[in-house]
Amino acid sequence: MIPTLTDGDVTLRAHRPEDAQGSFEQCQDPSSQRWTTVPVPYSMADARTFVEEVCPGGWADDSEWAFAIEHGGRYGGTISLRNEGSGRAEIAYGSHPAVRGTGVVERALRLLLEWGFAEKGLQTVIWYAHVGNWASRKVAWRLGFSYDGMVRRWQPQRGELRDCWVGTLLRDDPREPATTWLANPVVEGDGVRLRPFTEADVARVVEGIGDPDTQYWLAFMPRDPGEAEGRQYLETVQERLATGHTITWAFSATDDDRLLGAVGLYRFDSEPEIGYWSHPDARGRGLTTRAAGLGIRYAFETLGLDRLAGFASATNTASLKVLETNGLRRAGVLRNAARTGTGEAVDLVGYDLLAEEWAAPRR
Ligand SMILES: CC(C)(COP(=O)(O)OP(=O)(O)OC[C@H]1O[C@@H](n2cnc3c(N)ncnc32)[C@H](O)[C@@H]1OP(=O)(O)O)[C@@H](O)C(=O)NCCC(=O)NCCS
């Protein structure tokens, strides 16, 4: 009664008693514990109950259609559609750590979704994930789910209610990304590296954005940041990549991976612009100028932009120099166009650079 679905490489099938070992291993993994409702600690008895009772029970009462993923002769995780009635289902997925990063889950989910739409008459599939579960959000995005927002205190987990992201896939939606998810790949040159942020950067982000100069010139930074603000900074970087809003890199020297600042490219829909801030350790070494130079090169050579703007407060000499040394041209002054962290209005100097000027031999 439980069908077997395959694309020739990945197979979805009914759970078997011998899957308990794989389920046990999967549920020891910290991300499975962090992002799902599995019992913690998770025992072999829990795993046996799951594969021998919970999964078959869902099929028996039509409440949840759960499949085991099989790949390369091994159990690769469990995925399911929870029947919400009236042509609606909630998708759920969890992979064995051995298949993470291989695309197996994505292929498995494609099989599941096509089966659900074709055989169960689904019209709408809903996806929920706890806020911060970027692996889950990226998989949903790849499958064509829209990102519909955040629902506060919605998903129960071990006695608490978690804020969660929500998205939907409709029967006729293309099964491909509906929006742009920007990348911030490693870019190196001139002794400087632009790279994605990692957890290890939190303390230096806090030092960098909390430094008095940054606090003075960048009024939008959180005031007196601590670890929570540092973590939130990293989450905002991800959110802005995921929504096509901003590419932000951390930068470091090539021979020392410690964070020295950040470079961002944003306003892709209107007037693409570069921005940056530096950790006090980076100052006065020309590093921010070179890091911004890599960002500018990426904007023209990789993204193919035809113009890039930059703005700095008229009295922020170091920031003006970063733009000027990189060949941006002064376009004019916007009077009282920004505020400092202490609330004074300051003039902004606007700069721009065109792709043909960037390409012209000059350096
Ligand atoms: C969710 C899950 C099934 C995804 O499977 P997976 O094999 O890891 O998925 P993929 O490798 O195909 O894709 C994950 C993507 O998220 C990205 N990602 C992971 N963590 C990230 C983070 N903290 N920030 C940004 N991106 C992140 C990965 O880089 C990868 O993207 P890429 O292929 O462009 O590099 C798996 O991670 C899992 O079982 N997690 C624990 C259970 C869980 O969270 N289930 C979902 C509950 S809603």
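# Exercises on a predicted model

The shell around the ligand comprises 7 nonpolar, 10 polar and 3 charged residues. The structure that holds this shell is a predicted model.

## Exercise 1. The ligand shell

Determine which residues come nearest to the ligand, and which helix gives the most to its shell.

*Solution.*
1. The ligand has 20 residues around it, and the nearest of them are W35, A129, W134, A135 and K138.
2. The elements α2 (30-35), β5 (88-95), α4 (104-119) and α5 (134-143) each supply at least two residues of the shell.
3. Among these elements, α5 gives the most, with 5 residues.

## Exercise 2. The open sheet

State the strand order of the open sheet with 8 strands, and identify its edge strands.

*Solution.*
1. The order is β9-β10-β11-β12-β13-β14-β16-β15, and the pairing is mixed.
2. Strands β9 (187-189) and β15 (329-339) are the edges, since each pairs on one side only.
3. On average, neighbouring strands of this sheet are turned by 30° against each other, direction ignored.
4. Helix α10 (residues 317-325) packs on the sheet and touches β13 (273-278), β14 (307-313) and β16 (345-354). The direction of α10 makes about 160° with that of β14.

## Exercise 3. Strand pairs within the sheet

For the pairs β9-β10, β11-β12 and β12-β13, find how many bridges join the strands and how the strands run.

*Solution.*
1. Strand β9 is joined to β10 (residues 192-195) by 3 bridges, and the two run antiparallel. Within this pair, G189 has V192 of β10 as its bridge partner.
2. Strands β11 (residues 246-253) and β12 (residues 256-266) are antiparallel and joined by 7 bridges. T248 stands opposite G264 in β12. The two strands form a hairpin with 2 residues between them.
3. Strands β12 and β13 are likewise antiparallel, with 6 bridges. A262 has W277 of β13 as its bridge partner. This pair also forms a hairpin, here with 6 residues between the strands. In its turn, R267 has a positive phi of about 55°.

## Exercise 4. The nonpolar cores

Identify the residues that touch the most other members of the largest nonpolar core, and the element that gives the most to this core.

*Solution.*
1. In soluble globular proteins, nonpolar side chains tend to be buried together.
2. The largest nonpolar core has 39 residues, of which I69, A108, L109 and L112 touch the most other members.
3. Helix α4 gives the most to this core, with 7 residues.
4. Apart from its neighbours within four places in sequence, L112 is in contact with L12, F67, I79 and L81.
5. A second, separate core of 38 residues includes L194, V206, Y276 and Y351.

## Exercise 5. Residue P3

Decide whether P3 counts as buried or exposed.

*Solution.*
1. P3 is found in the segment before β1 (5-6).
2. A residue is exposed if 12 or fewer other C-beta atoms lie within 10 Å of its own.
3. P3 has 11 C-beta neighbours inside 10 Å and therefore counts as exposed.
4. P3 and F67 are 64 residues apart in sequence, yet their C-alpha atoms are 9.0 Å apart in space.

## Exercise 6. The whole protein

Give the extent of the C-alpha trace and the share of residues that count as buried.

*Solution.*
1. The protein has 11 helices and 16 strands.
2. Its C-alpha trace spans about 70 × 40 × 40 Å along the principal axes.
3. Of its 363 residues, 33% count as buried.
4. Of the contacts with a separation of 6 or more, 59% are between residues 24 or more positions apart.

Technical notes. Residues are numbered from 1 along each chain as its sequence is written. This is a predicted model: local features need pLDDT of at least 70, side-chain atom pairs count only at pLDDT 80 or more; totals for chains, interfaces and linings use all residues. Two strands pair if DSSP finds at least two bridges between them. Helices (H or I, at least four residues) and strands (E, at least two) are DSSP runs, numbered from the N terminus. Axes are lines fitted to C-alpha atoms, for helices over the stretch in contact, and angles run from 0 to 180 degrees between N-to-C directions. Two residues are in contact if their C-beta atoms, placed from the backbone, lie within 7 Å. A residue is buried if 20 or more other C-beta atoms lie within 10 Å of its own, exposed if 12 or fewer, and partly exposed in between; C-beta atoms are placed from the backbone. A residue is near a molecule or strand if its C-beta atom, placed from the backbone, lies within 6 Å of it. Ala, Val, Leu, Ile, Met, Phe, Trp, Tyr, Cys and Pro count as nonpolar, Asp, Glu, Lys and Arg as charged, and the others, Gly among them, as polar. A nonpolar core is a set of buried Ala, Val, Leu, Ile, Met, Phe, Trp, Tyr and Cys residues joined through C-beta atoms within 7 Å.
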